[in-house]
Structures are given as C-alpha cells and as structure tokens.
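Before reading on, please take a moment with the sequence and the structure shown below. The paragraphs that follow walk through the interior first and then turn to the loops.

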Amino acid sequence: FWSAMSVLSAVVSRRVHLDLDYFKVYPNLYIVLVGSPGSRKTTAMDIGKEFVYTIGDIPFSAECQTKQSICQDMSLNCQKTFTNDKGEVVRYTPYAIFSTELSHFLGHASAKEMIDFLTTIFDAKFYNTKTKNKGDDVLMGPYLSMIACTTPDWIRGWMREDVITGGFSRRALFVYFSGKIRRIPRPQITPEMEKARDFCIEWGKKLKDIQGQFKL
C-alpha cells in the first residue's frame, strides 16, 4: 500500500495541489518502511520503483547520492513546465528517491546535512544552493518524494543522536511492520495480476498529464 502511495506521489508531482489560501499543499511524501531484515520492505519498494521506471519520464535518484549531486541533477535534468487552468506557465522540478537502505543513502558523515536538506526542500517554493566550484543552482518548484527502507535498530540509534527527531520526522511517515511474515516458497503472478499491473501502468501514464486543484 505505501509503495503504491509513493508511486502516485511521484507520478502526479507538483501539478496538483490543495489550496489553503495561505499556502498550497502538494502530494509529495517521505515514506520510510521500517522492519527487521527479511520483512520484504525492499521487495515492496522495488515493485513501486519498477512502476515509476515503466511509466517513464519521472527522474529518480541513485542508491547513494550527495546533496550537491541531487541539486545539480535536479537543476540540469529535471526542470519541467505545465500550463495551469489560468493559462500561466508553471515551472517545477520533480525528483523521486528510492533507497534500499536509508542509512546508506544519508551517509554517515553527511547524514545531518542530507536530513537538513530533505527537511528544508520538502515544502519550499524554490530552493537555492551555492557550491564553491560549480556556482549556483536554483530549483523552481522543487518536488521531492522519497520511499526508503530501514530497520528498528537504525531508528533507535539515530533517535539517540537527535538527528531525526526534528523537522524531518514531522514530514516523514514511518511505517513499521510488526506482524508475522507469511512465507510463500513459490510466488506466482496470475493472469489477473498481470492485467491489473498493465491497467495501473496505463493509468499512471495518463496521470502524467493531469494538473489542477483538488477541492474537498
């Protein structure tokens, strides 16, 4: 379910919103799947990642990147536009993060810097970054979505370090699996499942063109 939510978030991007007058709410999600090794959190994430790849035209990260690399990639390769219902051209910069291991993606030495970046850019109208050798990168309408996997031990360790107890944890959804794992020695994909998958991919391709305001 949460892998599917991350796919929807990446596909519709910043083209849709909920207008609350003082600010607009966009459907970008930070999802962290938490479970013991072997609880299939990576399997669930990989299915979602394959959907995003198959739907196409949605830029996503490598397994391990620095903040500077992400900003440069978003600036050079990910900026897009659409025309809203008022006839205005809107610029936005989508980027999807799929991380098998959150600790590996954050990096040990630079974890706090990366978490501060993810926190700041989450609801920013634009994001400006300056580097010593590569100048300025200005990201208009940044839209960063993320699904990552980790273990309870890592969460406990970083909670003690006071790294993820601030703004990042208020933006992220930590989904913890505590049930029993149902072992399926020979999983099979039925024709009905294949048909459903094809339908979802075609639907996802149509969603790439949707834009506008959600109304309650």
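Helices, marked H or I and at least four residues in length, and strands, marked E and at least two residues in length, are DSSP runs that are numbered from the N terminus. With that numbering in hand, it should be kept in mind throughout that the model described here is a predicted one.

The interior is a convenient place to begin. The largest nonpolar core has 29 residues, and those with the most contacts inside it are Tyr30, Leu106, Phe117, Leu118, Ile121 and Leu144. At least two residues of this core are supplied by each of strand 3 (30-34), helix 3 (67-77), strand 5, helix 4 (102-106), helix 5 (111-121), strand 8 (142-150) and helix 6 (152-160). The largest share comes from helix 5, which gives six residues to this core. Leu118 offers a closer look: leaving aside its neighbours within four places in sequence, Leu118 is in contact with Tyr30, Ile97, Leu106, Leu144, Met146 and Phe168. There is also a second, separate core of 18 residues, and Leu33, Met45, Ile55 and Phe98 are included in it.

Helix 6 also holds Trp158, and this tryptophan counts as buried because its relative accessible area is 14%, where buried means under 20%. Between the C-alpha atoms of Trp158 and Ala111, which are 47 residues apart along the chain, the separation is 9.9 Å.

From here the path leads to the loop between strand 4 (80-83) and strand 5 (89-99), where Asn84 has its place. Is Asn84 buried or exposed? With a relative accessibility of 15%, Asn84 counts as buried, because the term applies to values under 20%. The side chain of Asn84 has a polar atom 2.9 Å from the backbone nitrogen of Lys86, and a polar atom of the Asn84 side chain likewise lies 2.8 Å from the backbone nitrogen of Glu88. When residues up to four places away in sequence are not counted, Asn84 touches Val90 and Gln211.

Asp85 is found in the loop between strand 4 and strand 5 as well, but Asp85 is exposed, with a relative accessible area of 65%. Asp85 and Tyr143 are 58 residues apart in sequence, and their C-alpha atoms are 20 Å apart in space.

Another loop worth visiting is the one between strand 1 (16-19) and strand 2 (24-25), which is the place of Leu20. Leu20 counts as partly exposed because its relative accessibility is 40%, a value that falls between the limits of 20% and 50%. Together with Tyr22, Phe23 and Val25, Leu20 makes a nonpolar surface patch of about 470 Å². Asp21 lies in the loop between strand 1 and strand 2 too, and Asp21 is exposed, with a relative accessible area of 73%. Although Asp21 is not a glycine, it has a positive phi of about 65 degrees.

A positive phi of about 65 degrees is also found at Asp57, which is not a glycine either. The place of Asp57 is in the loop between helix 2 (41-55) and helix 3, and at 58% relative accessibility Asp57 counts as exposed, because exposed means over 50%.

How values were computed:
Residues numbered from 1 in each chain as written. Predicted model: local features only at pLDDT ≥ 70, side-chain atom pairs only at ≥ 80, totals over all residues. Heavy atoms only, no water. Buried < 20%, exposed > 50% of the residue type's maximum accessible area, 1.4 Å probe, protein only. Polar contact = N/O pair within 3.5 Å; in protein donor to acceptor, adjacent residues only side chain to side chain. Contact = heavy atoms within 4.5 Å. Patch = residues over 30% accessible without salt bridge, like charges linked within 9 Å, V, L, I, M, F, W, Y side chains within 5 Å. Areas by Shrake-Rupley, 256 points an atom, 1.4 Å probe, with all protein chains shown as cover. Salt bridge = Lys/Arg side-chain N within 4 Å of Asp/Glu carboxyl O. Core = buried A, V, L, I, M, F, W, Y, C linked by side-chain atoms within 4.5 Å.
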